[in-house]
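Visitor: I'm new to reading protein structures. Could you walk me through this one, a bit at a time?

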Amino acid sequence: MSEELAPGTQDRIATWLGWAIFLSFFVLFFNIINLPRTPLGEREGMQLWHDSVGLIVGLLCLYRLYWFAKGPKPSPPAGMPADSFAFNRAILFTLILVFALEFLIGMAYAWGEGRQINMFGFEFPQLLATTEPLRVATGYPHSALAFYYLMLFCLWFTVGAWQARKYKAGWRRLFPGEQV
């Protein structure tokens with residue numbers, strides 16, 4: 001893409017994807033917090049929401065990774081060094097990559113334990129056989145990556161807050177929108 005962007009801004013597609021990932025993950029996060037606290041016999045509805053919103057977040061993140069590679073590249077806001085800006089963008093890229101991996105591992109985990117993945121009632125075709133080794137190999141990473149993306153988010157936000165203060169880059173760039 002050769003679209004010229006003003007310093008400190010991103011294109012419309014990246015902005016839309018940022019908002020969509022933020023809002024859908026916000027819903028998923030509350031599901032993630034409540035799912036383990038729900039008794040085993042009462043999890044079907046929570047699991048449907050987890051699968052459905054997880055699919056949405058995962059697909060949005062895969063598209064965002066594609067857009068990181070193919071879309072127009074934003075430049076730093078005025079006064080921010082390019083390497084500092086690149087560091088923050090690298091953390092954000094890694095965070096979205098971890099979300100996408102979490103999605104793929106989560107699907108393999110569900111299939112490994114023999115669960116049919118649904119998106120609000122539409123059955124997603126099972127692409128891997130139900131096996132105990134698959135369930136065991138993907139269950140722990142699916143859970144452990146949640147702690148990793150929380151750490152990445154905190155790191156990204158902390159670096160962004162430091163940049164906002166040091167370089168006067170503005171706080172709005174830490175929230176979804178066209179400012180980066």
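Guide: Sure, let's start with C61 and keep in mind that this is a predicted model. Leaving aside its neighbours within four places in sequence, C61 is in contact with I21, I96, F99 and A100.

Visitor: Is C61 buried or exposed?

Guide: To count as buried, a residue needs under 20% relative accessible area. C61 has a relative accessible area of 0%, so C61 is buried.

Visitor: Which residues have the most contacts inside the largest nonpolar core?

Guide: In soluble globular proteins, nonpolar side chains tend to be buried together. Here the largest nonpolar core has 28 residues. The elements giving two or more residues to this core are α1 (12-34), α2, α3 and α4. The residues with the most contacts inside the core are C61 and Y149.

Visitor: What about a second core, how many residues does that one have?

Guide: This core is separate from the big one, and M107, A110, W111 and I117 are among its members. Its full count is six residues.

Visitor: Back to the cysteines: how many disulfides does the structure hold?

Guide: A disulfide is a covalent bond between the sulfur atoms of two cysteines. To count as one here, the two sulfurs must be within 2.5 Å. The sulfur closest to that of C61 belongs to C154, and at 17 Å it is too far for a bond. C154 is in no disulfide either, and the number for the structure is zero.

Visitor: Is C154 buried, partly exposed or exposed?

Guide: The middle class runs between 20% and 50% relative accessible area. C154 has 46% relative accessibility, so the label for C154 is partly exposed.

Visitor: Which helix gives the largest share of the nonpolar surface patch?

Guide: The patch covers about 470 Å² and is made by L59, L62, F93, L97, L101 and L104. Both α2 (44-70) and α3 (82-112) supply at least two residues of it. The largest share, four residues, comes from α3.

Visitor: Let's pick L101 from that patch. What is its relative accessibility?

Guide: L101 lies in helix α3. It counts as partly exposed, because its relative accessibility is 39%.

Visitor: Now for charges. How many salt bridges are there in the whole structure?

Guide: Side chains of opposite charge can pair when their charged atoms come close. One such pair is R115 with E113, at 2.6 Å from N to O. Another is R135 with E132, also listed at 2.6 Å. A search of the whole structure gives a total of three.

Visitor: How far apart in sequence are the parts that R115 and D51 tie together?

Guide: R115 forms a salt bridge with D51, and their closest N and O atoms are 2.9 Å apart. R115 lies in the loop between α3 and β1 (118-119), while D51 is in helix α2, so the parts they tie together are separated by 64 residues.

Visitor: Which residues are linked in a network of salt bridges?

Guide: R115 pairs with D51 and also with E113. D51 counts as buried at 10% relative accessibility, whereas E113 is partly exposed at 33%. The linked residues are D51, E113 and R115.

Visitor: And where do R135 and E132 both lie?

Guide: Each of them is partly exposed, R135 at 28% relative accessibility and E132 at 46%. They sit three residues apart, about one turn of the helix, and that helix is α4 (residues 132-167).

Methods:
Residues are numbered from 1 along each chain as its sequence is written. This is a predicted model: local features need pLDDT of at least 70, side-chain atom pairs count only at pLDDT 80 or more; totals for chains, interfaces and linings use all residues. Side-chain values use heavy atoms; hydrogens and water are left out. Buried means under 20% relative accessible area, exposed over 50%, partly exposed in between (1.4 Å probe, protein chains only). Patches are made of residues with over 30% relative accessible area and no salt bridge: like charges are joined within 9 Å, nonpolar side chains (Val, Leu, Ile, Met, Phe, Trp, Tyr) within 5 Å. Accessible areas come from the Shrake-Rupley method with a 1.4 Å probe; for residues, only the protein chains shown count as cover. A salt bridge is a side-chain nitrogen of Lys or Arg within 4 Å of a carboxyl oxygen of Asp or Glu. A nonpolar core is a set of buried Ala, Val, Leu, Ile, Met, Phe, Trp, Tyr and Cys residues joined through side-chain atoms within 4.5 Å. Contact means heavy atoms within 4.5 Å.
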